[in-house]
Amino acid sequence: MMRMIILILLALIVRVTGGNAQSDVTKLSVTYEVHYQKVEEVAKREKDLMRLDIGEHSSQYVSVILEFVSKHKDDIMAKRIKNPYARYATLRDEVFKNTPNEGYLRFVHMPGWVSCCEKMEGLFDWQLLEGDSIVCGYPCHRATTTFRGRSWTVWYTLDLPYSDGPWKFCGLPGLVLYAYDSENKFRFNCIGIEKGDGHEIKMKMPKSGFIETFMPERVAEIMMLECWDRSAHLSQITGMAARVTRMWDAQGNEVKISPQTRILYEKFPGINIKKKKTIKKKK
C-alpha cells in the first residue's frame, strides 16, 4: 500500500513539474551574427554575436561576447588584452531549448535575469515555400511565419537535420541558418559551423541563484522599460523604490538620459510604456 502511495506521489510530481532534460554536451556549434535596431528613435543597426550549441537532446543559444568578457574580464580591465568584440553590442538575450525542462524553451534576458518558459510544440506555424539558396556552404529551403506581430522569412538546411535555430526558432525539418523579419529590424546570419567541443549544455544562473519567470508579455514590458525609464526598470528587478538615474561621461559632464522605445522580437498589443512609466510588480 505504501509503495503504491509513493508511486502516485512521484507521478503527481512529474505531472506538475514536467520531466527534466537529460544531461547533454555540445555536438555542433553554430555562430550567428545578429543585426538589429535596438530603439525606434535611433535608426542605427547594431551587431551581436551569438552561438547555438546543439546536443543530443537540447540546445543553448548564448552570447559569444558575454562569454568572452566574463572569462577575460580582469585582463580586459587591466588592458593586458584587447576586447575583439568592442564593436559589437550584445542584446543580453539567451535561449535554452529542452533544458532544464524537456519540451520547453526558456528565454532569458539580462541584466535583471527575467525569463519566460514556453512549450515548443506548435509554437511556430511555418509555411514551407519553394525556393533554394546557399548559406554558409549548405543548401537551404525557404519558410515563412508570422509570430506575435512580426513576419519572418527563414532559410533552413536539411543537411543538418536539427529542428532548431537562432533565438526561439524551432519546428522545421532542418536547422535555420538565416532569418530576417519583414520590417528589417532583425537579421540572423550564420557565419560559422563547427563540430562541438563537448562542453556541457546548461543554463547559467545569476549569483542570487534565482531567475524570475513571467509570461512573455510581462518580460516584454520589463525589457521595454529598461530603455524608457531606467530608474523604474531598476525598481522592477530589485523591488527597491525608483530613484532618479544620473550618468556622466569621461570628462565628468552629466549625460542626459532620454526615454527610448525598445524594439523587440515580439509585439504584444496593449503594451505602451510611453503611457505608463511604472508597472506594478507581479506578486
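These are my notebook entries on a predicted model, taken one topic at a time.

**Entry 1: strand β3**

I began with β3, which spans residues 59–63. I looked up how much of the strand is covered. Five of the five residues of β3 are buried, so the strand is largely enclosed by the rest of the structure. I then checked the two faces separately. In a regular strand, side chains alternate between the two faces of the sheet. On one side of β3 I found Ser59, Tyr61 and Ser63, and on the other Gln60 and Val62, all of them buried. Both faces are therefore covered, given that buried means under 20% relative accessible area.

Next I looked up the partners of β3. Strand β2, residues 46–54, runs antiparallel to β3 and is joined to it by five bridges. The connection from β2 to β3 is a hairpin through four residues. I noted one pair here: Ile54 has Ser59 of β3 as its bridge partner. β4 also pairs with β3 in the antiparallel sense, over three bridges. In that pairing, Ser59 stands opposite Lys97 of β4. I therefore have Ser59 down twice, with Ile54 as a bridge partner and with Lys97 opposite in β4, and as a buried residue of β3.

**Entry 2: the largest pocket**

Which elements supply at least two residues each to the lining of the largest pocket? I listed β3, α2 (64–77) and β4 (93–97). α2 gives the largest share, six residues. The volume of the pocket comes to about 580 Å³. There are 20 lining residues, and those closest to the centre are Leu66, Glu67, Ser70, Met110 and Lys204. By type, I recorded nine nonpolar, five polar and six charged residues in the lining.

**Entry 3: Glu33**

Is Glu33 buried or exposed? I found Glu33 in strand β1, residues 28–36. Its relative accessible area is 14%, so Glu33 counts as buried, the limit being under 20%. I then looked for polar partners of the side chain. Glu33 makes a side-chain polar contact with His35 at 3.0 Å, and one with the side chain of Tyr88, also listed at 3.0 Å. Leaving out residues up to four places away in sequence, Glu33 touches Lys47, Asp48, Leu49, Tyr88, Arg187, Phe188, Asn189 and Ile191. Tyr88 thus appears in my notes both as a touching residue and as a polar partner.

**Entry 4: Asn101**

I placed Asn101 in the loop between β4 and β5 (104–109). Its relative accessibility is 17%, so I entered Asn101 as buried. I also checked Asn101 against Lys119, 18 residues apart along the chain, and found their C-alpha atoms separated by 9.6 Å.

Key
Residues are numbered from 1 along each chain as its sequence is written. This is a predicted model: local features need pLDDT of at least 70, side-chain atom pairs count only at pLDDT 80 or more; totals for chains, interfaces and linings use all residues. Side-chain values use heavy atoms; hydrogens and water are left out. Buried means under 20% relative accessible area, exposed over 50%, partly exposed in between (1.4 Å probe, protein chains only). A polar contact is a pair of N or O atoms within 3.5 Å; within protein, one must be able to donate a hydrogen and the other to accept it, and residues adjacent in sequence count only if both atoms are side-chain atoms. Contact means heavy atoms within 4.5 Å. On a 1 Å grid over the protein atoms alone, a cavity is a set of points where a 1.4 Å probe fits but cannot get out, and a pocket is an open set with protein on both sides within 12 Å along at least five of seven lines; lining residues have an atom within 4 Å of a point. Grid points are joined across faces, edges and corners, and a volume is the space filled by probe spheres set on the points. Ala, Val, Leu, Ile, Met, Phe, Trp, Tyr, Cys and Pro count as nonpolar, Asp, Glu, Lys and Arg as charged, and the others, Gly among them, as polar. Two strands pair if DSSP finds at least two bridges between them.
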